[in-house]
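Biologist: I am new to this structure. Please show me how to read a ligand site.

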Amino acid sequence: MKRIGILTSGGDAPGMNACIRAAVRTATAANVEVLGIRRGYNGLIHNEMAVLDRKCVTNIIHRGGTILETSRCPEFKTPEGRARAVRVLDEAGIAGLLLLGGDGTFRGGTLLADECNISIVGVPTTIDNDAYGTDYTIGFDTAINTALEAIDRIRDTALSLERLFFVEVMGHHTGFIALESGIAGGAEELIIPETPLSSEELCAKLKEAFKGGKKSAIVVVAEAEQPGYSFQIAQEVKKNIDVESRVCILGHIQRGGSPTARDRVLASSLGAAAVKALLSGKNGYMVGEINNEIAYTALADTWEKKKGLSPRLEELVSLLSA
Ligand code: ATP
């Protein structure tokens with residue numbers, strides 16, 4: 001294999017740049033040229049690419065976002081769009097392609113792998129941690145630390161004003177960010193899609209807590225594809241148990257920022273492993289890390305199968321908030 005391509009697609013995630021750096025340096029050490037494709041599948045379809053050498057990836061390990069930029073590309077969902085992408089790949093002489101993205105990127109990658117003759121390997125980069133086949137995705141650790149910092153700050157205000165706060169975090173359709181930032185931030189309750197809590201149950205729990213002497217509380221809410229959902233919950237709580245609350249929606253601040261050490265190490269490890277996988281002839285896999293070992297999962301499994309939350313961690317929230 002003489003030339004490979006690399007692109008970042010879907011939502012940006014802290015650690016994408018560290019992953020690009022590791023992939024480029026691993027490939028160039030093996031005398032393989034790397035073409036950086038701009039703006040995800042959009043840039044692939046429209047032939048926006050340039051050579052990335054070792055120097056191009058200097059001083060990017062600490063930067064959030066992605067130097068290659070990213071996008072959502074509806075055209076890639078059509079057979080015609082993907083056929084155009086295949087032509088561009090052939091004309092550029094790309095023999096292997098690295099896809100850095102989340103489940104949507106891997107859905108597209110699964111189709112592309114069936115429709116072209118080049119090898120494709122994915123690397124899970126999403127703050128949501130919702131890819132099956134890896135314990136953690138690149139960007140998740142930074143996102144939960146960003147959420148945690150916000151929760152800690154809000155706790156100061158909640159304590160000082162004796163207030164109930166709902167802190168809404170991202171996570172696509174999952175509660176991974178809510179669960180880990182909630183445990184780390186000492187949340188009194190969690191509202192996550194995996195274990196739904198009815199409004200009556202939440203109100204009963206909060207009523208009990210305030211009756212028992214609590215003067216403030218933090219409930220971490222997973223947005224679960226309904227950003228702003230916390231306002232509805234706050235209104236229900238006000239109506240049912242007459243407790244005033246405030247809502248804080250963290251939103252996109254969870255996406256940006258310098259990656260944590262953990263994310264940089266994971267990104268470096270998976271970026272290098274992905275290139276090695278391509279060079280050893282692997283095709284149609286995502287490279288992840290399970291129990292500290294590199295793991296290869298068929299691209300289709302990464303989005304068809306569901307990764308569950310840890311029941312052990314879920315139990316902790318109510319046990320520790322008493
Ligand atoms: P994140 O989880 O961080 O949002 P993602 O990779 O899931 O990242 P998406 O916007 O869902 O982000 O997907 C990225 C791109 O992958 C889409 O813009 C589209 O080009 C392609 N894609 C998504 N789903 C499909 C599909 N079913 N068929 C073909 N391509 C798809």
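Modeller: We will take the pocket, then the ligand and its contacts.

Modeller: This is a predicted model, where local features need pLDDT of at least 70, side-chain atom pairs count only at pLDDT 80 or more, and totals for chains, interfaces and linings use all residues. Residues are numbered from 1 along each chain as its sequence is written, and side-chain values use heavy atoms, with hydrogens and water left out.

Biologist: How much space lies in the largest pocket?

Modeller: Rolling a probe the size of a water molecule over the atoms shows where empty space is left. On a 1 Å grid over the protein atoms alone, a pocket is an open set of points where a 1.4 Å probe fits, with protein on both sides within 12 Å along at least five of seven lines. Here the largest pocket holds about 620 Å³, a volume being the space filled by probe spheres set on the points, joined across faces, edges and corners. It has 30 lining residues (an atom within 4 Å of a point), and G10, G11, R72, D103 and G104 are the closest to its centre.

Biologist: Where does the ligand sit?

Modeller: In the largest pocket; "sits" asks that more than half of its atoms lie within 2 Å of the grid points.

Biologist: Which residues come nearest to the ligand?

Modeller: A residue is near if one of its heavy atoms lies within 4 Å. Of the 17 around the ligand, R72, C73, D103, G104 and T105 come nearest.

Biologist: Which polar contacts does the ligand have with R72 and C73?

Modeller: A polar contact is a pair of N or O atoms within 3.5 Å. A polar side-chain atom of R72 lies 2.7 Å from a ligand oxygen atom. For C73, a backbone N or O atom is 2.6 Å from an oxygen atom of the ligand.

Notes:
Polar contact = N/O pair within 3.5 Å; in protein donor to acceptor, adjacent residues only side chain to side chain.
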